[in-house]
Amino acid sequence: MGETIQIVVTVNGRRRALDVEPTATLLDLLRDDLGLTGSKACCLVGECGACTVRLNGRIVDSCLVLAAEVDGGEVMTIEGLAPDGRLTALQERFLDHGAVQCGYCTPGQLMAATDLLARIPHPTVAEVEEGLAGNLCRCGCYVQITEAVLAAAEGER
Amino acid sequence: MHRFVYERPEALADAVELFARHGAAARPLAGGTDLIIGLRDGSARPAVVVDLKRIAELPPTIEEQGSWLRISATVVMSDLLADARIRHEFPALAEAAAAVGSVQIRNRATVAGNICNASPAADTAPPLLVYGAVVVAVSDAGTRRIPLTDFFVRSGVTTLRSDEFVTAIELPRPSAPLGAVHLRRTRRRGHDLASVTLSCAIDRDGVTRLAYGSVGPRPILVVDESGRLADRGASDTVKEAILDRLFSAASPSPRSMRASPEYRLAMLRVLGRRAVRVALVRLDGGVQDG
């Protein structure tokens, strides 16, 4: 029991070889082993979306994925969205539209919204709401977040 | 989190051997959206967790096998939604899959896991029941094909043996188009569990299949073979009497935090009437939202 598992995983373009506990989640790996604390540990039951990351091309709640499961996989976190410090257009629109209040849910919102726009470049309001339904904002910035996503889709300046 | 040994067999035979050896102490891991929550809160305490996603025989594919579609145990809800055969031939299943959780959950949660978790509120259970799904389970005694009607016992309990695990769910492809729809009631939009779920499929001969969940310990399939429920000329009074009889097995728990028994039974009747109406429009080739 408790024997560690060797995995290799590419995180934000960088290949990492790690020993993980069977009970460690992808979220634990990111935050505790790699120091990538942009993904938040909040509800831990897959409801709030604050731990959203992209795994092998699809967004997931990293609190509901075991670290061992991602062996051989590719992960992108909020830290990988703007690796050279230059914000994406979507991030700029979040700032313009006041879509960030306390900021705690913002990494997850951005990961989900980036995924949504990759799948549906010009979403309707209903599609934005559905695409972000897995991300809760307790400041209640939903209107501003939706506006920011729609603005990014329109390429608004 | 509860301690366990993580196994990731690459061959089906190795997984079969693990379940033969560990029995009830082993739990299969597919999407993990239920299991990992259980491991964390202590409601699931397996000694061994067997990850099915590396098994060569279980790729996340939906394959045609004669007149059946075979949904592998590793197929997630998003895979179902992306599959044109599912959307066109099994629209009620696609509607149910779209209602599960959020994008993040649908990218992980499997159809097989939704069934094996055996929640009375499982979204995909009613459509799989009306479409006549069969669960394929394997153990070292061989392969067993279990009709979904013989699978659910009560919340969290199925007729799977402790040495068995599910490898696929099979769906008979309808020989003629059905009119089908999946409806649900929740407390709020988004990723709440359902307070009432109901699927309806009507065929060209007027046979109406209804399956409903979240109103008792397990989802239930009922069939009206009289053709009167699908009879466009039948009065609402006649149809409501038939629906009342078909819904007689509903027994919602008074202890649920999501809805009272009275509310659920009332909504079951509303959804039943609406589902028959929508399914008939769709049977005629019409487009009608659920």
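**Entry 1: Ala279(B)**

I began with Ala279(B) in this predicted model. Setting aside neighbours within four places in sequence, I listed the contacts of Ala279(B) as Gly179(B), Ala180(B), Val181(B), Cys200(B), Ala201(B) and Ile202(B).

**Entry 2: the largest nonpolar core**

I then looked up the largest nonpolar core, which holds 139 residues. Which of its residues touch the most other members? I noted Leu93(B), Ile115(B), Val130(B), Cys200(B) and Ala279(B). Helix H10 of chain B, residues 261–283, gives this core its largest share, eight residues. I recorded the general background that nonpolar side chains tend to be buried together in soluble globular proteins.

**Entry 3: chain B against chain A**

I turned to the contact between the chains, which takes 21 residues from chain B and 25 residues from chain A. On the side of chain B that touches chain A, I found that strand E1 (5–7), helix H2 (35–41) and helix H6 (103–106) of chain B are the elements giving two or more residues. I sorted the residues of that side of chain B by class and obtained eight nonpolar, nine polar and four charged.

**Entry 4: the domains of chain A**

I took the domain assignment of chain A, which gives domain 1 (5–80) and domain 2 (89–154). How many Å separate the centres of domain 1 and domain 2 of chain A, taken over C-alpha atoms? I read 22 Å. Across this boundary, 12 residues of domain 1 of chain A are in contact with 11 residues of domain 2 of chain A. On the domain 1 side, strand E3 of chain A (residues 52–55) supplies the largest share, three residues. By class, I entered six nonpolar, four polar and two charged residues for that side of domain 1.

Notes:
Residues are numbered from 1 along each chain as its sequence is written. Chains are lettered from A and ligands numbered from 1 in the order in which they are written. This is a predicted model: local features need pLDDT of at least 70, side-chain atom pairs count only at pLDDT 80 or more; totals for chains, interfaces and linings use all residues. Two residues are in contact if their C-beta atoms, placed from the backbone, lie within 7 Å. Helices (H or I, at least four residues) and strands (E, at least two) are DSSP runs, numbered from the N terminus. Ala, Val, Leu, Ile, Met, Phe, Trp, Tyr, Cys and Pro count as nonpolar, Asp, Glu, Lys and Arg as charged, and the others, Gly among them, as polar. Domain bounds come from an automatic or database domain assignment. A nonpolar core is a set of buried Ala, Val, Leu, Ile, Met, Phe, Trp, Tyr and Cys residues joined through C-beta atoms within 7 Å. A residue is buried if 20 or more other C-beta atoms lie within 10 Å of its own, exposed if 12 or fewer, and partly exposed in between; C-beta atoms are placed from the backbone.
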